[in-house]
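Work through the exercises below with the sequence and the model side by side. Try each task before reading its solution.

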Amino acid sequence: MTTFIIGSREDPIYPDVVPKDVIFINGAILSNKHPDFKNANRSIVLSPHIFVNNFKDLIKYKTDLNINRINLFEEIRKKLMEDYFTEIYIRPISDRKTHFDFNYKNINCNNLNIFENNDFDKFLLENFDLNNYFKRIKFLFNNFENEPKNIIKYFLNRISIKMMNNFKVSTGILGLMIAKKFEKFKPPYFVIGIGLDRSGYVFDNKLIEERNNHLKADLNYINFIIKNKNFLKEVHFTNK
């Protein structure tokens with residue numbers, strides 16, 4: 001029983017084991033460098049931007065969006081029509097005030113799982129083991145200097161957990177969280193081709209800046225793994 005979580009980094013390092021489940025992250029499904037996973041259950045975790053019906057609306061929201069990224073989104077959409085996936089998980093837009101018209105038609109999958117805002121906040125708190133209100137206060141107090149304004153806004157109910165730098169995990173780390181949360185994905189968990197240095201995208205520089213927005217939250221979760229000895233034994237990062 002093994003689960004691979006696969007990102008888009010160049011030259012991913014694969015362990016010499018056969019996975020029962022494979023979780024792809026965003027554009028990782030477009031790579032031709034993967035081994036043959038024909039006997040594995042294939043799932044994917046995706047950013048919501050891929051499904052925005054009108055990319056002109058998305059450009060207004062993400063001003064750094066360029067033609068290469070739009071082409072990537074279109075390629076992923078096409079792949080989702082052609083290939084079968086057991087599970088698809090879609091994270092919500094970070095900004096609660098932003099609304100788009102999404103298109104989920106012609107997706108070839110068994111189960112489409114779309115995280116709603118409140119459910120995603122609960123999911124993050126559970127994965128960071130912060131459901132207990134007093135543990136959450138202690139965590140936020142210890143991290144107050146990292147984002148004081150957002151923490152104050154949180155206590156004033158002006159922003160949600162998923163909008164805070166301490167919890168805004170990358171889609172790659174979200175894939176690991178999903179593997180840990182849902183019992184169908186069995187350990188050990190091999191995190192492959194996920195990192196901050198380079199991805200397999202031709203417009204990588206902008207993506208490095210974007211991934212840096214997730215750095216604090218990703219490190220928080222890695223620290224959580226380190227402190228949880230039983231979980232630590234089950235997680236293996238193949239790329240450093």
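Helix 6 passes helix 8 in a left-handed crossing. Left-handed means that the near helix is turned anticlockwise from the far one by less than a right angle; clockwise would be right-handed. This is a predicted model, in which local features need pLDDT of at least 70, side-chain atom pairs count only at pLDDT 80 or more, and totals for chains, interfaces and linings use all residues. Residues are numbered from 1 along each chain as its sequence is written, and side-chain values use heavy atoms, with hydrogens and water left out. Helices (H or I, at least four residues) and strands (E, at least two) are DSSP runs, numbered from the N terminus.

**Exercise 1. Describe how helix 6 packs on helix 8.**

Step 1. Choose the descriptors. Two packed helices are described by the angle between their axes and the distance between the axes.

Step 2. Read them off. The axes of helix 6 (residues 171–181) and helix 8 (residues 215–227) come within 10 Å and cross at roughly 35°. Axes are lines fitted to C-alpha atoms, for helices over the stretch in contact, and angles run from 0 to 180 degrees between N-to-C directions.

Step 3. List the contact residues. Helix 6 supplies Ile-173, Leu-176, Met-177 and Lys-180, while helix 8 supplies Asp-218, Tyr-221 and Ile-225. Contact means heavy atoms within 4.5 Å.

Step 4. Sort them. Five residues of this contact are nonpolar, none is polar and two are charged. Ala, Val, Leu, Ile, Met, Phe, Trp, Tyr, Cys and Pro count as nonpolar, Asp, Glu, Lys and Arg as charged, and the others, Gly among them, as polar.

**Exercise 2. Check the length of helix 2, then find its buried side.**

Step 1. Compute the expected span. The rule is 1.5 Å times one less than the number of residues. For the 16 residues of helix 2 (residues 67–82) this gives 22 Å.

Step 2. Compare. The end C-alpha atoms of helix 2 are 23 Å apart, which agrees.

Step 3. Pick out the buried residues. They are Arg-69, Ile-70, Leu-72, Phe-73, Ile-76 and Leu-80. Buried means under 20% relative accessible area, exposed over 50%, and partly exposed in between (1.4 Å probe, protein chains only).

Step 4. Locate them around the axis. The buried residues cover an arc of only 155°, so they sit on the same side of helix 2. The arc is that of the directions from the helix axis to the C-beta atoms.

Step 5. Turn to the other face. Away from the buried side, helix 2 carries the exposed residues Ile-67 and Lys-78.

**Exercise 3. Which residues of helix 3 and of helix 5 are buried, and what packs on them?**

Step 1. Take helix 3 (117–127). Its buried residues are Phe-120, Asp-121, Phe-123, Leu-124, Leu-125 and Asn-127. Their cover includes helix 4, helix 6 and helix 8.

Step 2. Take helix 5 (residues 148–155), where Asn-150, Ile-151 and Tyr-154 are buried. These cover an arc of only 100° around the axis, which puts them on the same side of helix 5. They pack against helix 4 (133–142).

Step 3. Look just past each helix. Asp-129 follows helix 3 with a positive phi near 55°. Asn-157 follows helix 5, with a positive phi near 60°.

**Exercise 4. Compare the settings of Asn-106 and Asp-129.**

Step 1. Asn-106 has a positive phi of about 60°, although it is not a glycine. It lies in the loop between strand 4 (85–90) and strand 5 (109–114). At 58% relative accessible area, Asn-106 is exposed.

Step 2. Asp-129 lies in the loop between helix 3 and helix 4. At 40% relative accessible area, Asp-129 is partly exposed.

**Exercise 5. Trace the surroundings of Pro-19.**

Step 1. Place Pro-19. It lies in the loop between strand 1 (3–6) and strand 2. With 8% relative accessibility, Pro-19 counts as buried.

Step 2. Find its contacts. Leaving aside neighbours within four places in sequence, Pro-19 touches Thr-2, Phe-4, Phe-37 and Ala-40.

Step 3. Follow Ala-40. This residue is in the loop between strand 2 and strand 3. Ala-40 is buried, at 11% relative accessible area.

Step 4. Look along the chain. Pro-19 and Pro-188 are 169 residues apart, yet their C-alpha atoms are separated by 9.4 Å. A cis peptide bond joins Pro-187 and Pro-188, with omega about 0°. Pro-188 lies in the loop between helix 6 and strand 6 (189–192).
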